[in-house]
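Subject: Structure for your attention

Dear colleague,

Please find below the structure that I am handing over to you. I would be grateful if you read the notes that follow with the structure open beside them.

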Amino acid sequence: FFRGMGNARMTLVCTAIQSSLRVLCTYLLTPVMGIRGIAVACAAGWIAMILYEIPASLREMKRWKNNS
């Protein structure tokens with residue numbers, strides 16, 4: 001969505017959030033949960049990224065609506 005609009009900064013920030021959280025969670029969860037910890041870490045990273053993107057997407061859609 002954002003990359004197609006030419007907003008590479010948002011894509012970069014979201015990727016950094018997702019990757020950083022995934023690495024941190026993998027480091028913390030793998031000793032406790034094993035391979036399942038890696039799966040949980042991946043899900044946590046994606047969820048964090050989506051939670052960051054949703055408000056930005058809603059603001060952008062509102063801006064489109066107001067410009068129409």
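The notes below go from the overall picture to each helix and then to the surface.

Please bear in mind that this is a predicted model. The protein contains two helices and zero strands. Of its 68 residues, 18% are buried. The accessible surface amounts to about 5100 Å², and carbon and sulfur atoms account for 67% of that surface. Among contacts between residues at least 6 apart in sequence, 59% join residues at least 24 apart.

The first helix

Helix H1 covers residues 8–33. Does its length agree or disagree with what its 26 residues should span? At 1.5 Å a residue, the expected span is 38 Å, and the end C-alpha atoms of H1 lie 35 Å apart, which agrees. H1 is bent by about 30 degrees at Tyr-27, and within four residues a proline, Pro-31, follows. Tyr-27 itself has a relative accessible area of 65%; because the cut-off for exposed is over 50%, Tyr-27 counts as exposed. Other residues of H1 are buried, namely Met-10, Cys-14, Gln-18 and Cys-25. Helix H2 (35–67) is included in what covers these buried residues. Just after H1 comes Gly-34, which takes a positive phi of about 70 degrees.

The second helix

The same reasoning on length can be applied to H2. Its 33 residues should span 48 Å at 1.5 Å a residue, and its end C-alpha atoms are 48 Å apart, so the two values agree. H2 has a kink of about 25 degrees at Glu-53, shortly before the proline Pro-55. The buried residues of H2 are Gly-37, Ala-41, Gly-45, Met-49, Ala-56, Ser-57 and Glu-60. What covers them includes H1. One pair of residues illustrates how the two helices are placed: Tyr-27, in helix H1, and Ala-41, one of the buried residues of H2. Tyr-27 and Ala-41 are 14 residues apart in sequence, and their C-alpha atoms are 8.8 Å apart in space.

The salt bridge

How many salt bridges does a search of the whole structure find? The search finds one. Arg-63 forms a salt bridge with Glu-60, and the closest N and O atoms are 2.9 Å apart. Both residues belong to helix H2; because they are three residues apart there, about one helical turn separates them. Are the two partners buried or exposed, or does one fall in between? Glu-60 has 14% relative accessibility and therefore counts as buried, the limit being under 20%. Arg-63, at 45% relative accessibility, counts as partly exposed.

The nonpolar patch

Which residues form a nonpolar patch on the surface? They are Ile-47, Ile-50, Leu-51, Ile-54, Leu-58, Met-61 and Trp-64, and together they have about 700 Å² of accessible area. Leu-58 may serve as an example from this patch. Leu-58 has its place in helix H2. With 53% relative accessibility, Leu-58 counts as exposed, because the cut-off is over 50%.

In short, the predicted model has two helices, each with buried residues covered in part by the other helix, and a nonpolar patch on the surface.

With kind regards

Methods:
Residues are numbered from 1 along each chain as its sequence is written. This is a predicted model: local features need pLDDT of at least 70, side-chain atom pairs count only at pLDDT 80 or more; totals for chains, interfaces and linings use all residues. Side-chain values use heavy atoms; hydrogens and water are left out. The expected span of a helix is 1.5 Å times one less than its number of residues. The bend at a residue is the angle between axes fitted to the seven residues ending there and the seven starting there. Buried means under 20% relative accessible area, exposed over 50%, partly exposed in between (1.4 Å probe, protein chains only). Contact means heavy atoms within 4.5 Å. Patches are made of residues with over 30% relative accessible area and no salt bridge: like charges are joined within 9 Å, nonpolar side chains (Val, Leu, Ile, Met, Phe, Trp, Tyr) within 5 Å. Accessible areas come from the Shrake-Rupley method with a 1.4 Å probe; for residues, only the protein chains shown count as cover. A salt bridge is a side-chain nitrogen of Lys or Arg within 4 Å of a carboxyl oxygen of Asp or Glu.
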